[in-house]
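Got your viewer open and ready? Let's take a walk through this one, selecting a piece at a time.

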Amino acid sequence: MSIDEPVAPVLVAGIGNLLLGDDGFGPQAIARLQAEYEFPSEVELIDIGTPALDFVDYLAGRRVVVLLDALACGGEPGEVLTYDREQLRQRLPGMRLSAHQPCLDETLFAAETAGIGLQEVTLIGVVAESLDVGTELSPAVGHAMPQALQLVCDIISRQGVEVRRREKPLPIEAWWATKPAAAS
Amino acid sequence: MPTRINIDPVTRIEGHLRIDVEVEGSSVSKAWASCTMWRGIENIVLGRDPREAWLFTQRFCGVCTTVHAMASVRAVEDALKLQIPPNAQFIRNLILINHALHDHIVHFYQLSALDWVDIMTIPRADATKAASLAQSLSDWTGNSAKEMKAAQDKVKGFAGSGQLGMFATGYWGHPAMKLPPEVNLIAFAHYLQALTYQRYALQVVGMLGGKTPHIQNLAVGGVQNAIDLDSLAALNMDRLYQLKYLTDSVIPFVQQAYFNDACTLAALYPEWMSYGAGVRNYLAVPDLPQDAQASAFDLPGGVILDGNIYNAKQLYTAADTEFRHAVAEDLTHAWYKGNEPQHPWKGETQPHYTDFEDNGKYSWVKAPRYDGRPMQVGPLAQVLVGYAQGHPLTKKWTDAALEKISAVGKRKVTVNDLQSTMGRHVARAIRCAMLSELAQKHWEYLVANISRGDTAVYNPPKFPDGEVEGVGTHEAPRGTLSHWVVLRNGRLSNYQAVVPTTWNASPRDNRGVPGPYETSLLGNPVIDPEKPLEVLRTVHSFDPCMACACHTYDPSGKPIAQVKVL
């Protein structure tokens, strides 16, 4: 019996916290991709939430990794910026105080240390406007969504993998979009 | 003049724990622990359907998603007095056990071992000598000379290229690093192996949970795993044996590699069994119910006061009456409105930010108190309350650890020595070894129950009119977790999560009594204030987890330790 089952060579992972406004951009983008596009079996989409080093486990066996995340940097809210592996590598991981804040860079370094060789890593980021508690994206980040999704599809297509837009999008599975009842 | 050291991941988003210490002479004289991020995230579930709360609460954190899902459904079931079927109980237990196995392995190797293991000495280690030393310490099969050589080559590779990557910020060469190069090499070889073995445990969580992170198989009233031995699509014997195979693969690593490494570390750093005890009141709730009624548990709960480990009070149920009434959160030094301690069912989370005030408010973490006392939670608390009660499994592994440490260190250590910084690491390894046995036991419970023809997994909830209160507990990897709910007419009208790190990272209370992190740092040595490795050792030994709720990427990256002379 084999323990490590084969995985799709292309991973698209949405990172972020669905409960903190624009930080939910990554997971929400995954839900949109699943609803609006058809991907072949070479591509796996994961709403990864806010992982720590366990993210490394999801990188094993991949060739191409596309990360979707909110950015906490200067810039216009809604601005879409991409970073490649080299640019991510430029940034040294900061010293950790809490053991559970390994940043993305560290995850990628850990993957390398574990012998996971990724050919291509791209981070598609959208500059966040608000990270306050809530399950809705700000209008600026919401508007940036189609552009970010298109970038994901472009990267995958460049791999020679066909991505098809659904003629009729599926309903978005979004448990977080339900509205709380007024206090009774 | 004291030197003030402020260790603060300055970045607004990624860093959430700030530690301030004053060092006089060469040890810590004052300490403050501050959480720099608002944790009012519970408010998001108010007014919602209690059946979906767990979907939200497991997004509180990125590492412990599973535990917040579990505490949430347990809280609602407690409020409804709703029992779940035996299969649901065992499936949940298997998820919790395997999540904890994964979590403990990663914490020890990936997140804290490098506080003790100087990997920059590894290039000059004798790999053959390291292998024979490792083989003399344990039967673990991953201790061959070939294995050691491969790990050493890895270090030589990145040290030679100058690309230290994730190891760029370690305190290499620090005078408090004392292990011989060969021991450092053994630990690093296991560090690399740990990356593989922790994954097997996580795969069990994924198989039963349907997805990980963020399991999908829970329900208020049970689980959503269809059991049908004749169906390929459901939980059948084939899948059950796949689970067993994964679990069985992790067990030798835990019992022979991790357990031994933790004991060896303790033996070779004996001084760290005398620092860092901190608050000597311990709290653990019972967990891993053995039946549907949760009338007996495989992990005992209890309360120990003032370090008196021969006099533990037992907690008999997951939400003991005593526990229900004893917990309150003090807001005196936390950035919230109000000062009076609040019971979680009455708890409010209204922010009131001031600056960091040494003698005023200085943290977003509330100060939980148990009958007015700060409590230390986590594996050490779990091990001590079990040991005090003579719990056989706890005693077996604790005695094995004490024997091992004494033999390797040639110095007798007792269970009392576990009340220390190093003791927390040893206790975590003890608990992990216990859980590795329980993984098999609860798999057997599940299979035996299914073999009796029972395939039930769910009892539907009924929500009463009016108000009901409940508490759901889980003895999580980092300690006692409790979710407190108030339901009004079938909707959530209050929700408070008192998480393990809230207990341990608690600020001072209305009487000025500091929390476990703060207390544990007093008297901690600091050789070089510019490189406060010893402070990190003690803080990391608690396995702090407060940074997970928000994870935006900050491309700038900033240094974080600041030192100033007062």
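Here is a tour of a predicted model, going from whole chains to single residues.

**Stop 1: chain B.** Select chain B and colour by secondary structure: you should find 14 helices and 16 strands. With a radius of gyration of 23 Å, against the 24 Å that the globule rule gives for 566 residues, the chain is as compact as a globular protein of that length. Turn it around and picture a box of roughly 65 × 55 × 50 Å along the principal axes, which the C-alpha atoms fill. Of the 566 residues here, 60% count as buried. Sequence neighbours tell little of the story: among contacts between residues at least 6 apart in sequence, 76% join residues at least 24 apart.

**Stop 2: the core.** Stay in chain B and show L94(B), L101(B), L185(B), F188(B), Y258(B), V426(B) and A429(B) as sticks. These have the most contacts inside the largest nonpolar core, a set of 205 residues. Now highlight helix α6 of chain B, residues 181-209, which gives this core its largest share, 17 residues. Zoom in on F188(B). Which residues does F188(B) touch, leaving aside its neighbours within four places in sequence? Look for V117(B), I119(B), I122(B), A151(B) and V155(B). Then hop over to a second, separate core of 27 residues, where V21(B), W32(B), Y336(B) and V365(B) are among the members.

**Stop 3: chain A.** Switch to chain A, which has five helices and seven strands. Trace the chain along its sequence and you'll read β-α-β-β-α-β-β-α-α-β-α-β. Buried residues make up 49% of its 184 residues. Of the contacts in chain A between residues at least 6 apart in sequence, 79% join residues at least 24 apart.

**Stop 4: helix α5 of chain A.** Select residues 139-158. At 1.5 Å a residue, these 20 residues should span 28 Å, and the end C-alpha atoms are 30 Å apart, which agrees. Where does α5(A) bend? Centre on M145(A): the bend there is about 35 degrees, and a proline, P146(A), follows within four residues.

Next, pick out the buried residues of this helix: V141(A), A144(A), A148(A), V152(A), I155(A) and I156(A). As you look at their spacing, keep in mind that an α-helix has 3.6 residues a turn, so residues three or four places apart point the same way. Show what covers those buried residues, including β1 (10-15), α1 (25-36) and β3 (43-49) of chain A. Finish just past the helix at G160(A), which takes a positive phi of about 80 degrees.

Key: Residues numbered from 1 in each chain as written. Chains lettered and ligands numbered in written order. Predicted model: local features only at pLDDT ≥ 70, side-chain atom pairs only at ≥ 80, totals over all residues. Core = buried A, V, L, I, M, F, W, Y, C linked by C-beta atoms within 7 Å. Buried ≥ 20, exposed ≤ 12 C-beta atoms within 10 Å, placed from the backbone. Helix = DSSP H or I, 4+ residues; strand = E, 2+ residues; numbered from the N terminus. Contact = placed C-beta atoms within 7 Å. Expected span 1.5 Å × (residues − 1). Bend = angle between axes of the 7 residues up to and from the residue. Rg over C-alpha atoms; globule rule 2.2 N^0.38 Å.
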